[in-house]
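Okay, everyone, let's get the sequence and the structure up on the screen. Have a look around for a moment, and then I'll walk you through a few spots.

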Amino acid sequence: MEQQSPPASSSTTVTSTTPLLPQNHPWWRRHFHMNNSLSSELSGAVGDLGTFIPIVLTLTLVSHLDLSTTLIFTALYNITTGLLFHIPMPVQPMKSIAAVAVSETPHLTTSQIATAGASTAAVLFFLGATGLMSTLYRLLPLPVVRGIQLSQGLSFAFSAIKYIRYNQDFVASKATTPRAWLGLDGLVVALSSLLFLVIFTGSGDHYDRNGSDDDQPRRRNSKRLRILGSIPAALIVFLLGLVLCFIRDPSIFGDIKFGPSKIGFLSITWNDWKVGFLKGAVPQIPLSVLNSVIAVCKLSGDLFPDRELSAAKVSVSVGVMNLVGCWFGAMPVCHGAGGLAGQYRFGARSGWSVVYLGIGKLIIGLVFGNSFVRILNQFPIGILGVLLLFAGIELAMASRDMNSKEESFVMLVCAAVSLTGSSAALGFVCGILLFLLLKLRKMEYSGSAPGFSKFKFESTVGAETSSIP
């Protein structure tokens, strides 16, 4: 597919369609070359922790998830996917399974969570290996995909505002009292972090340090933008949160125990498979197909036009990760458009960003083991909310390329149903039906088969050539 470059007058020049290295370089140099500053990659590495930490913490406290095992396996996933996909491919919890695990009475056990993840993984592996996922990706209308992305992004943003404004009880999965202005997890800390990120990262429309820029005003500001862009703002905010953990509860020092937990196979019964599949996998499968594969592949093409992901490969990746890790009690994970948007938002431009994140998780899992949950339990939730807010807004902004009122109509209806119904699958079905109804109305008006052929070509994700930096 030939990519169209944005016009020179465009105000958005986030990324370049130029390959990482010229094609005459050896493949290993093209694939493993880091065409970005180390500080930016490190800052981008923490861009999806606003969703990762709360869910991992909740499952650890409520469902007795083995944190050490989860950190070690997700670290290996991060390192592997970063080297294979060459973009900051996120590894995030399967959110629907996590929500069901803590909301059901009684709570799902670790074995039931594992079977839910393995069942979902088996379906995605089958769809990817048979090529059915690639076919679905080509046929899906772009406005429907944008609607799913918009709803997911706004959902993240709404949750982020709640994290900032209210104290959170992750065990009960609800907000409690309004957050105080002062204190180590007060509104002042959260809003100061928000202001810091806005000053140093702006709206995310960074100057492209690796490309050329013929716009004279931009060239005059390039030095200032380079200085601001070289500061790993998100990493600084995250490290501030870690420091505040120990200040809030100094007894953490005495509770830390070094060394990982013992990794072994879970004991799984037939009832675990039944409960895990019916309660966990059934609601998770459509969400994984839409957000973990379809949406993330489309977003990868928007952000990295020369490195758009294959839907089949991403689907197989989700399958392999969980078919390996879930047997040992690792948290079910997937790839997510929100995580990719968050990591890109804070500076990640290559797979090395998640490789560094994986190395950090691996060190923590091996050195601190399950005792690291004491640190996470004191992490300022307001700071997590700030990180999550930026990730959500970045994902939602991917929907800004709808060029007609009809496309915007389908996208907004899909997003509205997804948000109010709390179901991406329901929004997807409504979006597809609305899209087909509008096209059928036009077909009846024109009454010609060639018009239908044209509609099919112009309305699929695979035919869309515009790119959103």
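So, start at Tyr 344: Arg 349 lies over the face of that ring, 3.7 Å from the ring centre. Keep in mind that what we have here is a predicted model. There's another pairing of this sort at Phe 52, where Lys 361 lies over the ring face, at 3.9 Å from the centre.

While we're on rings, how many aromatic pairs does the structure hold? The count is 13. Take Phe 246 and Phe 253: their ring centres are 4.8 Å apart and their planes sit at 35°, so we call this pair tilted. To be stacked, the planes would have to be under 30 degrees apart, and edge-to-face needs over 60. And are these two buried or exposed? Phe 246 has 22% relative accessibility, so it counts as partly exposed. Phe 253 has 56%, so that one counts as exposed. Elsewhere, Phe 73, Tyr 77, Phe 265 and Phe 328 come together as one aromatic cluster.

Next up, Gln 92. You'll find Gln 92 in strand β1, which covers residues 92-93. Its relative accessibility is 1%, and because under 20% means buried, Gln 92 is buried. What does the side chain of Gln 92 make a polar contact with? The side chain of Thr 51, at 3.0 Å. Setting aside neighbours within four places in sequence, Gln 92 is in contact with several residues, including Asp 48, Pro 332, Val 333 and Cys 334. Gly 338 is on that contact list too. Now look at the sequence: Gln 92 and Gly 338 are 246 residues apart there, yet in space their C-alphas are 9.2 Å apart.

I just mentioned Cys 334, so let's talk cysteines. Cys 334 has 3% relative accessibility, so it counts as buried. Cys 297 is buried as well, with a relative accessible area of 0%. And how many disulfides are there? Zero, going by a rule that asks for two cysteine sulfur atoms within 2.5 Å.

Last stop, the hairpin. Strand β2, residues 166-169, and strand β3, residues 174-178, run antiparallel and are joined by three bridges. One residue to click on is Asp 169, whose bridge partner in β3 is Lys 174. Between the strands there are four residues, and in this hairpin Ser 173 takes a positive phi near 55°.

Notes:
Residues are numbered from 1 along each chain as its sequence is written. This is a predicted model: local features need pLDDT of at least 70, side-chain atom pairs count only at pLDDT 80 or more; totals for chains, interfaces and linings use all residues. Side-chain values use heavy atoms; hydrogens and water are left out. Rings of Phe, Tyr and Trp (its six-membered ring) pair if their centres lie within 6.5 Å; planes under 30 degrees apart count as stacked, over 60 as edge-to-face and the rest as tilted. Buried means under 20% relative accessible area, exposed over 50%, partly exposed in between (1.4 Å probe, protein chains only). A charge sits over a ring if NZ of Lys or CZ of Arg is within 6 Å of the ring centre and within 35 degrees of the ring normal. Helices (H or I, at least four residues) and strands (E, at least two) are DSSP runs, numbered from the N terminus. Contact means heavy atoms within 4.5 Å. A polar contact is a pair of N or O atoms within 3.5 Å; within protein, one must be able to donate a hydrogen and the other to accept it, and residues adjacent in sequence count only if both atoms are side-chain atoms. Two strands pair if DSSP finds at least two bridges between them.
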